[in-house]
Structure formats: C-alpha cells, structure tokens
Amino acid sequence: MEFRKMRRFGQQLEQSECDRILNCGARGTLAVLGDGGYPYTVPMNFVYSDGKIFFHCALAGHKLDAIKSCDKVSFNVLDTPEKRNPDDWWYYIKSVTVFGRISVMPDGDDKIAALTLLGNKYFPDADYTKKEIDRDLHRVNMLCLEIEHMTGKQVEEK
C-alpha cells in the first residue's frame, strides 16, 4: 500500500526527530478497528526498539478482539508541548503517527526480551523489572507493532 504524503510537508519532522519522540515518549494512543467498525483508541505505555513498537496488555479484551479481526493499526505519540515565549498562549507541539500491523507475540525468549525492554523503560531498575516479569509473565500478552509508515509533524498553535 502507498501511504499518503503529508499535505503540509513544511511541518514534517525528520526521521531522527521521530525516533527521538518515540524513544522519549511516555504514552501514546493506539487505534484499532473496534466493535461494529467503530475506531477504538486506548492510551498505552510502549517501548520503541529496532524499528518496532512493543506494548503489554491483558490476555483478553476489546483491544485483542479488534486485533484478531484486523491487524492494521495506527499509533500516535505527542511530544511535550513547549512555549517558545512564556507570554504567549500558544504551544509548539510535535507528534509522531505510525501505521502498521500488530500481532500478539508468542511465549518465549522474544516476548521476555520485549517485556524487559518495556519494564526497564518504566521501572526503577533491572531487578524490579525481572521481579515483575517473573511474577506476571503468565498473565500478560506482548504486542509487536511492525511499522509500515511513520510521519512526524510540528504544529504551532495560534
């Protein structure tokens, strides 16, 4: 499939800036095709590694049902908005939107490696991550988003 080019290409971010936002972002919004063909979006913790995005989730639920029906998703991450002038009311906002296909990772070493990356991003240290994985591995799924298209945008609100 050929993805649309950004209409306002002057606001498009370089790949390196998109990578920075995905590496530094704390949460993003995953969009799937939900029940009855309605979009379903959910904020998610994530980790970006080797051109893929990994998420953890429960063993059952709306998100997983939607993914089983259609593996095409989008994911959006907002960078921290900034004011260039403290006296102004508007913000400069950067965001990254990713399109791709998502799947549930099978149990095994790759799932544990992805969980470890995710835990090390959010937990205070590697020992804590290992403890959490050992305790909860049997009741967690890992999702892998294979990126097909990525675009970043900078917007100045005025």
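# Strands, helices and cysteines in a predicted model

Student: In this predicted model, in which sense do strand E1 (residues 27-33) and E5 pair?
Tutor: E1 and E5 are joined over three bridges. At one position, Thr 29 stands opposite Asn 76 in E5. The sense of the E1 and E5 pairing is antiparallel.

Student: Over how many bridges do E5 and E6 pair?
Tutor: Asn 76 also stands opposite Thr 97 in E6. E5 and E6 run in the antiparallel sense. Their number of bridges is seven.

Student: Which side chains of E5 point to the buried face?
Tutor: Side chains alternate along E5. Lys 72, Ser 74, Asn 76 and Leu 78 point to one face and are not buried. The other face holds the buried ones: Val 73, Phe 75 and Val 77.

Student: How are the elements of the protein ordered from the N terminus on?
Tutor: The protein has four helices and seven strands. Read from the N terminus, their order is α-β-β-β-β-α-β-β-α-α-β.

Student: How far apart are the end C-alpha atoms of helix H3 (residues 109-122)?
Tutor: H3 has 14 residues. At 1.5 Å a residue, the helix should span 20 Å. The distance in the model agrees: 20 Å.

Student: Within what arc do the buried residues of H3 fall?
Tutor: The buried residues of H3 are Lys 111, Ala 114, Leu 115, Leu 118 and Gly 119. Seen down the axis, they share a limited arc, so they line one face of the helix. Asp 109 and Asp 110 are exposed on the face turned away from that side. The arc of the buried residues is within 135 degrees.

Student: Which helix is among the elements that cover the buried residues of H3?
Tutor: The cover includes strands E2 (39-45), E3 (47-49), E4 (52-57) and E7 (141-156). It also includes a helix, H4 (126-136).

Student: Is Thr 129 buried or exposed?
Tutor: Thr 129 is found in helix H4. Beyond its neighbours within four places in sequence, Thr 129 is in contact with Leu 115, Thr 116, Gly 119, Asn 120 and Phe 123. Its relative accessible area is 1%, which means Thr 129 is buried.

Student: Which residues are exposed on the other side of H1?
Tutor: In helix H1 (residues 15-24), Glu 17, Cys 18, Ile 21 and Leu 22 are buried. They fall within an arc of 135 degrees, so they line one face of H1. Those buried residues pack against E3, E4, strand E5 (72-78), strand E6 (92-104), H3 and E7. On the other side, the exposed residues are Ser 16 and Cys 24.

Student: How many disulfides does the structure hold?
Tutor: Cysteine sulfur atoms must lie within 2.5 Å to count as a disulfide. For Cys 24, the nearest cysteine sulfur is that of Cys 18, 13 Å away. For Cys 144, the nearest is that of Cys 57, 12 Å away. The number of disulfides in the structure is zero.

Student: What is the relative accessible area of Cys 144?
Tutor: Cys 24 is exposed, with a relative accessible area of 56%. Cys 144 is buried. The value for Cys 144 is 6%.

Student: What percentage of the residues of the protein count as buried?
Tutor: The C-alpha trace spans about 50 × 40 × 25 Å along its principal axes. The protein exposes about 9,900 Å², and carbon and sulfur atoms supply 51% of that area. Of its 158 residues, the buried share is 36%.

Technical notes:
Residues numbered from 1 in each chain as written. Predicted model: local features only at pLDDT ≥ 70, side-chain atom pairs only at ≥ 80, totals over all residues. Heavy atoms only, no water. Helix = DSSP H or I, 4+ residues; strand = E, 2+ residues; numbered from the N terminus. Expected span 1.5 Å × (residues − 1). Buried < 20%, exposed > 50% of the residue type's maximum accessible area, 1.4 Å probe, protein only. Arc of directions from axis to C-beta. Contact = heavy atoms within 4.5 Å. Areas by Shrake-Rupley, 256 points an atom, 1.4 Å probe, with all protein chains shown as cover. Pairing = 2+ DSSP bridges.
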